[in-house]
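Here are a few short exercises to work through with the model open beside you. Try each task before reading its solution.

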Amino acid sequence: METNVIELPNGLCVLHRYVPYTRTVHCGYVIDTGSRDDLLEESGMTHFIEHMVFKGTVKRKTFHILNYLESVGGDLNAYTTKEKICLYASMVSDYFERATELLTDIVFNSTYPEKEIVKEKQVISEEISMYRNAPDEAIFEDFDKLIFPNHSLGAPILGTRQTIQRFNQHNVVRHVRQNFTQHRIVLSIVGNVSLKRVKKAVDKYLADIHLPTAEREREAPPSLSAKQLDHPIQTEQAHEIIGGRAFGLKQSFHVPFILLNNMLGGPGMNSRLNLNIREKHGLTYSINSFYSPYQDSGIWGIYFACEPGNLQRIRKMVYKELKELTDKTLGQIRLNQAKKQLIGQFTLGYENLLNQMLGMAKDMLDYQRIQSFSSFVEEIELISAAQLQEVAKRLFVEEELSRLTYKQVG
């Protein structure tokens with residue numbers, strides 16, 4: 001499917017992909033700013049702004065924002081990551097212009113009322129409590145902090161109760177002006193809407209927007225030494241993450257590590273960790289691995305939860321799996337199977353048009369291009385067993401791995 005790219009004089013970029021076989025449209029703004037762009041003393045600011053854009057614009061109050069698409073069966077949503085804010089809508093194609101106008105209004109005309117800021121602090125405080133009271137959620141935040149100490153990549157996306165209490169209209173507006181700038185904002189559209197309709201909407205709603213041109217340099221995280229930390233909790237199960245730094249989005253081993261991580265502990269029930277630890281020994285209900293790449297760095301890890309008495313045994317099994325991937329070259333049959341599995345998973349995800357819409361925008365912001373489905377498949381097909389072993393040798397050295405353990409003490 002062809003992707004149209006519209007570059008506006010004001011620095012906004014619009015992406016469009018026409019899909020005739022659907023009756024719906026997905027459109028959204030993706031902004032190249034995330035929690036890593038928060039000052040440490042204002043941790044959680046970007047996520048707070050994601051909430052606040054729904055709290056009123058120059059011409060709309062909260063009710064009118066929330067009702068405008070919902071009343072015609074549409075869906076309006078948003079989320080924040082370490083490096084992006086995504087504000088998006090899905091609707092029947094008849095209401096595409098309505099969604100574009102609404103999204104443009106909340107992104108560029110929000111007023112951030114002080115009384116709404118006060119209320120939203122309490123809402124987000126409750127959200128923080130919800131995550132901190134769930135060990136299987138909180139441990140990931142604390143592992144980020146362990147791997148990126150004293151750096152914004154290690155700070156929680158939601159911030160803390162202490163940092164969000166510092167927020168006011170002045171510093172919210174300042175943060176928006178510093179980060180909602182030229183060449184950092186993409187409007188992406190995928191679905192049953194013609195290029196003609198898109199251009200008409202762009203001319204009507206986006207052409208007269210004026211964006212600041214502030215420059216920003218993201219600070220790369222400093223080097224890291226392995227750390228082991230035991231954290232006491234009041235739950236019956238123990239929780240643990242073993243891992244460390246990983247490759248950034250533009251590094252040559254980025255895609256090979258996606259494949260290796262998928263084999264090790266990806267979503268498939270046939271991952272090595274699931275088969276060799278959960279299924280073979282029945283020592284844990286949940287064990288998986290993860291990889292989060294950023295523009296200049298990354299983080300990976302293996303998470304599991306278990307009875308405290310099984311902790312040491314599972315940990316040894318994990319290190320054994322990592323050592324095997326480091327010491328043994330993968331056979332061609334197993335390599336081909338791993339590639340087919342990853343390509344199949346990617347294909348299922350790609351069929352989701354909402355995923356396409358968001359993925360296009362992120363590609364444009366991160367790489368200044370849109371990666372085609374076929375080119376990604378080609379990258380996977382070209383991966384060799386030697387590359388996977390080299391990745392394992394770089395990341396799976398036991399002495400260089402960090403560990404965070406939640407368990408009862410005493």
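**Exercise 1. List the residues in contact with Leu87, leaving aside its neighbours within four places in sequence.**

Solution. Take contact as heavy atoms within 4.5 Å. Leu87 then touches Gly28, Tyr29, Ile31, Glu50, Val53, Phe54, Asn77, Ala78, Leu103 and Val107.

A word on the input: this is a predicted model, where local features need pLDDT of at least 70 and side-chain atom pairs count only at pLDDT 80 or more, while totals for chains, interfaces and linings use all residues. Residues are numbered from 1 along each chain as its sequence is written, and side-chain values use heavy atoms, with hydrogens and water left out.

**Exercise 2. Find which residues have the most contacts inside the largest nonpolar core.**

Solution. First, the rule: such a core joins buried (under 20% relative accessible area, 1.4 Å probe, protein chains only) Ala, Val, Leu, Ile, Met, Phe, Trp, Tyr and Cys residues through side-chain atoms within 4.5 Å. Next, the result: the core has 48 residues, and Val14, Leu87, Ile189 and Leu206 have the most contacts inside it. Helix H3 (residues 96-108) gives the most to this core, 6 residues; helices (H or I, at least four residues) and strands (E, at least two) are DSSP runs numbered from the N terminus.

**Exercise 3. Describe how strand E4 pairs with strand E5.**

Solution. Pairing requires at least two DSSP bridges. E4 and E5 (residues 85-92) have 6, in the antiparallel sense. A hairpin of 4 residues links E4 to E5, and Asp75 sits opposite Ser90 of E5. Finally, E4 (residues 75-80) covers Leu76, Ala78 and Thr80 on one face, leaving Asp75, Asn77 and Tyr79 on the uncovered one.

Conventions. Buried means under 20% relative accessible area, exposed over 50%, partly exposed in between (1.4 Å probe, protein chains only).
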